Amino acid sequence: MLSTRFAKVLRLFAITAVAAILAAACSTTKNESGGSGGSGGDKKIALLLPETKTTRYEAQDKPLFEAKVKAVCPDCQILYSNADQKGDVQQNQADAALTNGAKVLVLDPVDSASAAAIVAKAKAKGVPVIAYDRLILNADIDYYISFDNMQVGKLQAQALVDELKAKNKSGSIVMINGAPTDNNAKLFKQGAHSVIDTSGFKIGKEYDTPDWSPDKAQTEMEQAITALGKTGFVGVYAANDGTGGGAIAALKGQGISPLPPVTGQDAELAAVQRVLSGEQFMTVYKAIKPQAEAAAQWAVDLASGKKSDADALATTKVNNGTKDVPSIILTPVAVTKANAKETVGKMISDGFLKAADICTGAVSAVCSQLGLA
Ligand code: BGC
């Protein structure tokens with residue numbers, strides 16, 4: 001009798017312990033607390049980012065967003081997920097966030113068009129959606145924050161064309177655009193075309209790069225070299241640093257020297273080093289901090305029921321096919337070796353990159369010359 005009771009107690013203890021372990025495991029995988037954790041039960045904010053090959057999301061957007069939420073709402077909780085460039089995974093992550101009680105979705109969509117389905121589900125539950133960096137088309141979103149993406153494309157192409165003209169080059173440019181599912185990629189491409197198409201340079205080959213994959217960009221560049229010949233083009237428009245890095249790998253792999261100017265975007269650490277060492281012609285600095293922080297403030301305001309405060313943060317409107325969405329549009333900056341003293345200097349003073357990380361190996365001499373380290 002006694003021993004059966006003892007066994008029962010033991011069993012109960014074991015079940016309770018397992019349940020406690022499971023609960024702890026769940027809360028660490030699903031919830032990244034914005035503050036001390038625990039009490040933020042009904043103020044859950046979902047941050048859904050699209051991919052990991054571009055370094056900005058894990059290195060900048062996520063930590064900056066989390067830090068801001070933690071600062072302004074210690075009892076908010078963040079449900080974070082990264083879709084690794086898979087649209088169906090992002091759908092599931094959004095479903096999970098809604099099931100877990102997210103009060104706001106901050107969504108950087110893998111696929112700008114199919115993300116409308118995510119928005120519809122959120123709105124059916126009364127959950128507002130902030131389109132983060134990439135606009136969600138034809139959907140009832142609440143806010144949108146990004147950079148002037150058409151301007152990004154113009155800056156890239158203008159810098160490239162100016163450089164080629166300064167070097168008395170004529171002929172063809174290879175264009176390596178971003179993912180066709182990303183509305184930003186369309187805008188970068190449109191902006192770039194608006195400059196290149198009237199510049200006198202021809203477009204030798206042009207590719208849209210599925211998933212923004214650097215590997216695929218490398219293959220595209222190899223195909224362009226095969227089709228045009230090693231001397232059949234004078235410059236490469238690459239839409240971001242990942243695709244630019246892929247293009248440079250292909251050019252180097254084919255022994256093309258000196259390298260033609262190659263563009264980029266994001267001011268990723270490796271790309272800033274390539275710009276300083278002269279391997280990559282330019283990149284675009286988009287200061288993520290104001291973007292992540294404004295999105296975080298919107299999310300906190302919405303999770304706290306302060307819609308009018310959130311409305312007051314918007315500075316413009318952008319039409320997404322369904323409505324004029326209250327928006328914030330930030331300004332991108334072109335970065336070349338020629339303006340690196342100011343632009344890379346600004347990245348360092350903004351805390352975007354550290355001089356100690358940039359100025360390593362062969363780059364350290366350039367940093368000293370420019371007074372960056
Ligand atoms: C972003 C870029 C990024 C690209 C690939 C775009 O939507 O604006 O900063 O390089 O996606 O993730």
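**Group meeting: the ligand site and an aromatic pair**

Okay, let's start with what's around the ligand. The residues of its shell split into seven charged, four polar and three nonpolar. Keep in mind that this is a predicted model. In total, 14 residues surround the ligand, and the closest are E51, Y57, D133, D182 and D266.

Which helices each supply at least two residues of that shell? Those are α2, running 56-72, and α6, running 183-196.

Now the contacts. R56 has a polar side-chain atom 2.9 Å from an oxygen atom of the ligand. N184 does this too, with a polar side-chain atom 2.9 Å from a ligand oxygen. And then there's N240, where the distance from a polar side-chain atom to an oxygen atom of the ligand is again 2.9 Å. How much of the ligand's accessible area does the protein cover? On its own the ligand has 310 Å², and the protein covers 100% of that. As for where the ligand sits, that's the largest cavity.

Right, on to the aromatics. The count here is three aromatic pairs. One of them is F188 with W212, and if you pull that one up, you'll find the rings edge-to-face, 6.0 Å centre to centre, with 65° between the planes. The cut-off for calling a pair edge-to-face is over 60 degrees, so this one goes in that class.

Where do the two partners of this pair sit in the chain? F188 is in helix α6, while W212 is in the loop between β8 (202-208) and α7 (214-228). They're 24 residues apart, so the pair links distant parts of the chain. And α6 is a helix we've already met, as one that supplies at least two residues of the ligand shell.

Methods:
Residues numbered from 1 in each chain as written. Predicted model: local features only at pLDDT ≥ 70, side-chain atom pairs only at ≥ 80, totals over all residues. Heavy atoms only, no water. Near = heavy atom within 4 Å. Polar contact = N/O pair within 3.5 Å; in protein donor to acceptor, adjacent residues only side chain to side chain. Areas by Shrake-Rupley, 256 points an atom, 1.4 Å probe, with all protein chains shown as cover. 1 Å grid on protein atoms, 1.4 Å probe; cavity = no way out; pocket = protein on both sides within 12 Å on 5 of 7 lines; lining within 4 Å. Sits in = over half its atoms within 2 Å of the grid points. Helix = DSSP H or I, 4+ residues; strand = E, 2+ residues; numbered from the N terminus. Nonpolar A, V, L, I, M, F, W, Y, C, P; charged D, E, K, R; others polar. Phe/Tyr/Trp six-rings, centres within 6.5 Å; stacked < 30°, edge-to-face > 60°.
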